[in-house]
Amino acid sequence: MVELAFSTNAYTRHSLPEAVRRIDDHGYAGVELLGDDPHAYFPDFEDADRDALLEALSDTDLAVSNINANTAMGYYDDAPPSAFFEPSVIRADDEAREWRVEYTKRALDLAETVDSPAVCLATGRPLPGTTPEEARDYLRESLHEILDYAEARDIEVGIEFEPELLIENTEEVLELIDEMGRDSLGVNLDVGHAAVYGEDVAESVRASAGSITGVHLEDIVGGRRGKHYHRIPGDGDLDFRAVFDALEDIGYDGFATLELYTYPDEPDRAAREAFEALAEYV
């Protein structure tokens with residue numbers, strides 16, 4: 001049976017332990033941890049931060065659904081105020097690419113510490129001077145190193161596709177999984193990303209059967225080919241009944257995590273209303 005979790009990336013105005021405790025107030029069974037500034041940016045995440053997080057998890061008894069290592073805003077002194085995927089695992093610059101590989105390993109370390117089953121990772125965009133074909137070579141090289149590390153810890157890595165990234169839809173991520181041939185590689189399936197790309201979300205779920213490491217939920221205005229802006233379920237056009245029916249059809253029994261980073265000024269309202277909107281499906 002699917003259980004609901006909520007991502008701390010909605011609570012970027014709060015510390016990570018406080019975010020965990022606030023999420024627990026709204027009825028969720030799990031919590032996704034933002035592996036980035038201001039929560040767990042790994043170069044600055046010290047033993048005291050880890051201990052405070054573990055205390056909050058113990059106090060709440062929340063399970064960790066996923067470590068979200070898609071972004072690395074903390075890498076930059078003056079990062080833009082939006083999701084930022086650089087340096088990515090497909091960068092031509094060897095030093096920058098290896099930085100991201102090592103960063104992802106630190107996310108896997110945290111996953112092991114908090115008993116998270118998975119870490120999610122976005123591919124980033126091919127930058128000028130790097131063809132998509134070259135970027136795929138860098139991606140395969142990076143993933144093999146990351147997956148060696150993940151498999152030694154019995155943790156899965158879910159590629160989160162997104163329009164305009166190197167891996168931007170269900171077909172491409174499933175092709176990558178098949179090509180890599182690694183049991184620990186799957187898809188962190190973001191239903192809004194599938195909708196914005198123009199996919200039938202329920203069919204995306206069914207096509208991904210057996211490969212889903214986690215699910216991200218949010219609503220999208222416009223549904224198929226809508227605008228990429230995460231909204232509270234019920235404030236857009238996605239058919240969540242169809243999504244949960246598809247998850248049931250494929251026997252998925254992991255977490256479905258609300259990812260509502262678009263509500264930093266009112267994360268408690270977002271968490272509360274999202275749970276109320278989706279509770280009937282779980």
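At what angle do the axes of helix α1 and helix α2 cross? Hi everyone, that is where I'd like to start today. One thing up front: we are looking at a predicted model.

So, the angle. Helix α1 covers residues 16-24 and helix α2 covers residues 47-60; their axes cross at roughly 10° and come within 8 Å. Angles under 35 degrees count as roughly parallel, which makes α1 roughly parallel to α2.

Who makes the contact? On the α1 side we have L16, P17, V20, R21 and D24. From α2 come A52, L53, E55, A56, L57, D59 and T60. Sorted by class, this contact has seven nonpolar residues, four charged ones and one polar one.

Now let's stay with α2 for a moment. Here is a little check you may enjoy: with 14 residues at 1.5 Å a residue, α2 should span 20 Å, and its end C-alpha atoms are indeed 20 Å apart, so the two agree.

Which residues of α2 are buried? They are L53, A56, L57 and T60. Look down the helix axis and these buried residues fall within an arc of 100°, so they line one face of α2. What do they pack against? Their partners are α1, strand β2 (30-34), strand β3 (63-68) and helix α3 (94-114). Turn to the other side of α2 and you find D47, A48, S58 and D59, which are exposed.

Last stop, just past the end of the helix: α2 is followed by D61, and its phi is positive, near 65°.

That's my tour, thanks for listening, and I'm happy to take questions!

How values were computed. Residues numbered from 1 in each chain as written. Predicted model: local features only at pLDDT ≥ 70, side-chain atom pairs only at ≥ 80, totals over all residues. Heavy atoms only, no water. Axes fitted to C-alpha atoms, helices over the stretch in contact; angles between N-to-C directions. Helix = DSSP H or I, 4+ residues; strand = E, 2+ residues; numbered from the N terminus. Parallel < 35°, antiparallel > 145°, perpendicular 65-115°, else oblique. Contact = heavy atoms within 4.5 Å. Nonpolar A, V, L, I, M, F, W, Y, C, P; charged D, E, K, R; others polar. Expected span 1.5 Å × (residues − 1). Buried < 20%, exposed > 50% of the residue type's maximum accessible area, 1.4 Å probe, protein only. Arc of directions from axis to C-beta.
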